[in-house]
Amino acid sequence: MATATMSYQTSGVAPVGLTPQEQKDMERFGKFLSQKMVQVIVQSRLGEKVCTPCKAHPSPSDWFNLGIEDIPEVGIETRKALKGQLLTIGSPPLCVEISLKTVEGDSLILENWCLSVNETSEPFNRVSYAVYSRMSLLLKSIISVSRITPAYKLSGRQGADSFVLCYRVFCGEPHGLGASTKNCTIGQVDTPIGLYSVVLSYRTQLALSPKDGAMLVKSDHFDQHFIGDQYSPRLCRAAHHKGDRGGESSSGSEPVASDESQDACRLFVNSPPGNKVAEYQNLLQQNRYSFDDGPKFGAFADPSSARRNLSAEFVLPELPLPTFMKIKSLKDVKKENEQRPLVTGGSALVPPKDIDVTENANQTNISTGPVSTSDEFVMVESLKTPFAEGDSSHDVGAFFRECQSAPVSLQSFNRSSGIATHEIGSQLEQFEKDLEGYDDLVQSLCIDSDESGK
Amino acid sequence: MNARTQVFEMALEGRQVEEAVSSLFHTLLFHRTLGKFHYKQEGNYCVGTVGYEDADCDFVDLTYVRCSSGDIKKIVHKEATAFSECLRSQERETQGQARSGHISLTFYQIKKARWPFPSESIPWEVWNLRMEIMTLASEIERQLYREKVGELLAEKILYIAESMNRPSYVPKMPNQPELDLIFDTSFADIQPYLFKISYGTSPPSTSMGTTVRRLLKDTLSI
């Protein structure tokens with residue numbers, strides 16, 4: 001069983017008949033149900049396929065006998081939203097809000113997942129294992145249902161140039177989702193410390209239409225003083241900043257904005273942490289996108305790999321294409337030169353994989369799989385690629401100009417034209433003299449064909 | 001004992017049958033599977049971890065969750081494919097005429113009887129899928145129906161989740177000697193409740209045909 005420890009304040013109200021150990025167990029179950037619920041919901045919106053292995057022997061973090069791999073950032077957000085408190089009867093529900101944000105700055109709340117605790121009907125249900133397995137079952141249901149809502153389908157399509165999905169964890173009443181909403185109670189678990197219920201509300205109409213009212217406002221629509229809606233993600237940020245300045249703390253009834261990174265632009269857990277999140281938020285606020293801003297990352301996209309790829313391979317230099325090719329070829333030559341000391345030195349710091357050693361005319365080359373330089377890139381190595389040179393004498397236009405007229409180096413141009421005319425005239429005279437011979441030949445051929453026809 | 005019985009009725013294209021059956025049965029089995037029990041001594045055991053994975057359907061607009069155990073995937077795939085083949089071959093034999101069949105997932109427990117009587121299987125939960133094969137004329141219809149079936153299965157999965165979380169009879173946790181009477185202990189990494197899958201075919205009933213026609217009419221009149 002999991003042994004993770006966190007300092008949570010207890011509700012302080014011990015249900016009648018529970019021993020301190022039972023009370024502690026129930027609270028731990030409730031605490032980890034909250035944690036794992038947020039984890040599975042957020043992970044299902046990453047736009048990636050989840051696959052966790054079955055394990056015969058559980059690891060300490062495997063609560064509820066389920067292979068849920070925790071994302072630390074999500075855990076931190078959940079704890080911040082709960083503020084170290086446990087969900088108790090009558091306390092505001094723990095909500096996970098999934099919203100969509102377009103690159104234009106429009107946003108739309110797609111769904112709310114709420115975990116609430118109500119009065120229990122079975123205060124004497126003291127069998128810990130039964131509660132534990134019921135919570136496990138509830139988590140399985142959350143995992144299954146999280147794949148069938150429209151937000152799941154959208155999560156796979158998000159991208160930096162279209163929209164991103166964001167999440168927010170808070171304690172409080174969830175936002176309304178408009179008219180086209182479906183509500184369902186996924187499940188309830190009765191425990192001695194309360195009836196845990198998970199309710200899902202999701203939007204069935206995803207079209208961004210004017211009927212959706214508030215969700216279509218531009219990010220700069222409201223004046224600063226009008227940011228009075230305490231439930232607006234932007235408001236959370238504004239209120240938080242205000243609190244920072246004035247030393248105020250938010251009241252318990254309002255949604256808890258745990259830190260700056262859980263703003264309206266709450267990026268998902270694998271978004272770039274720290275200043276990259278802030279960069280993205282600023283861009284959203286400015287509602288301005290240009291190629292100068294660099295690549296934008298979806299909330300669920302893996303930013304590290306994306307940025308690495310983009311910066312290294314896909315950023316085009318501001319150079320004409322021929323020069324670009326030249327640079328590349330020179331780079332390969334440089335790479336080749338860099339590899340040589342590896343051979344002559346007789347040892348390498350890191351032995352390359354799949355080393356292929358060939359000896360040729362007292363020269364040894366080492367090629368390391370895909371970064372092999374010589375054989376596979378003949379075109380690059382030659383450095384004589386047509387039209388690849390940067391100067392004007394090697395461009396395509398010069399080539400065509402050269403080919404438009406016959407080359408002056410032909411031998412026939414060196415002969416005088418009078419000689420050629422004389423030769424042709426004498427040849428014609430000779431043909432005329434032989435004309436009778438040609439006629440005889442044709443007649444004989446005709447006779448032969450007539451005879452063979454008979 | 002009266003087993004809880006749930007019935008789902010669906011009209012599908014032949015190629016959708018296997019995925020529809022798999023999505024529902026895997027969802028059910030995911031809920032009805034526990035981690036593998038490892039007994040240290042009588043009354044003291046540790047429970048393994050159930051892993052899960054997303055599975056995308058090719059012919060239905062749906063992603064569902066299943067246990068990541070290879071053995072259970074094989075069993076469901078084998079039965080669902082056999083049922084699908086059975087329906088489709090019947091469809092071919094009858095030259096496209098609609099045919100229907102049913103496939104059931106039954107959870108049961110074993111009750112030992114006194115010698116010389118054999119032990120008895122007592123079902124406690126039965127999930128029945130009645131399916132009818134239908135033929136669509138055009139690719140546009142197929143695309144529309146692909147989404148429609150996805151929505152239909154999503155509703156069923158939600159129903160399953162809600163149903164699983166209602167207080168209802170589930171065999172109580174046995175002692176070690178009786179573990180095999182409640183759970184299928186043949187899996188190396190997971191421990192589902194004892195279950196069996198059975199299927200059969202039957203000619204379409206009038207009511208089913210009428211339902212399908214109405215469903216199709218509603219779907220394609222959009």
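**Note on the predicted two-chain model**

1. A:Arg168 and A:Glu97 form a salt bridge, with 3.5 Å between the closest N and O atoms. The two partners come from distant parts of the chain, 71 residues apart: A:Arg168 sits in strand E3 (residues 163-171) of chain A and A:Glu97 in strand E1 (residues 94-102) of chain A. Over all chains the count by this rule is 16 salt bridges. The model is a predicted one, and the distances here should be read accordingly.

2. On the contact between the chains: 37 residues of chain A are in contact with 38 residues of chain B. Together the two chains bury about 3100 Å², and carbon and sulfur atoms account for 56% of that area. On the chain B side, 25% of the area buried against chain A is supplied by B:Thr49, B:Tyr52 and B:Asn165, more than by any other three residues.

3. On polar and charged pairs across the interface: the rule finds 17 residue pairs in polar contact between chain B and chain A, both residues of each pair being at pLDDT 80 or more. Three salt bridges are found across the interface of chain B and chain A. A salt bridge joins A:Lys49 to B:Asp56, where the closest N and O atoms are 3.0 Å apart.

4. Which elements of chain B each supply at least two residues of the side that touches chain A? They are helix H1 (17-31), strand E2 (33-35), strand E3 (37-41), strand E4 (44-47), strand E5 (52-56), strand E6 (63-67) and helix H3 (139-164). H3(B) gives the largest share of that side, six residues. By residue class, the side of chain B that touches chain A comprises 19 nonpolar, 11 polar and eight charged residues.

5. On the surface of chain A, the residues A:Ile424, A:Leu428, A:Phe431, A:Leu435 and A:Tyr438 make a nonpolar patch of about 500 Å². Helix H11 (417-433) and helix H12 (435-453) of chain A are the elements that give two or more residues to this patch. H11(A) contributes the most, three residues, and A:Ile424 is placed in helix H11 of chain A.

6. Two points of backbone geometry deserve a look. Most peptide bonds are trans, and most residues other than glycine have a negative phi. The bond joining B:Trp115 and B:Pro116 is a cis peptide bond, with omega about 10°. B:Pro116 belongs to the loop between strand E7 (100-111) and strand E8 (120-134) of chain B.

7. The second point concerns A:Phe64, a residue other than glycine with a positive phi, near 60°. A:Phe64 lies in the loop between helix H1 (20-44) and helix H2 (72-82) of chain A.

Technical notes:
Residues are numbered from 1 along each chain as its sequence is written. Chains are lettered from A and ligands numbered from 1 in the order in which they are written. This is a predicted model: local features need pLDDT of at least 70, side-chain atom pairs count only at pLDDT 80 or more; totals for chains, interfaces and linings use all residues. Side-chain values use heavy atoms; hydrogens and water are left out. Contact means heavy atoms within 4.5 Å. Buried area is the accessible area (1.4 Å probe) that two parts lose on being put together, summed over both. A salt bridge is a side-chain nitrogen of Lys or Arg within 4 Å of a carboxyl oxygen of Asp or Glu. A polar contact is a pair of N or O atoms within 3.5 Å; within protein, one must be able to donate a hydrogen and the other to accept it, and residues adjacent in sequence count only if both atoms are side-chain atoms. Helices (H or I, at least four residues) and strands (E, at least two) are DSSP runs, numbered from the N terminus. Ala, Val, Leu, Ile, Met, Phe, Trp, Tyr, Cys and Pro count as nonpolar, Asp, Glu, Lys and Arg as charged, and the others, Gly among them, as polar. Patches are made of residues with over 30% relative accessible area and no salt bridge: like charges are joined within 9 Å, nonpolar side chains (Val, Leu, Ile, Met, Phe, Trp, Tyr) within 5 Å. Accessible areas come from the Shrake-Rupley method with a 1.4 Å probe; for residues, only the protein chains shown count as cover.
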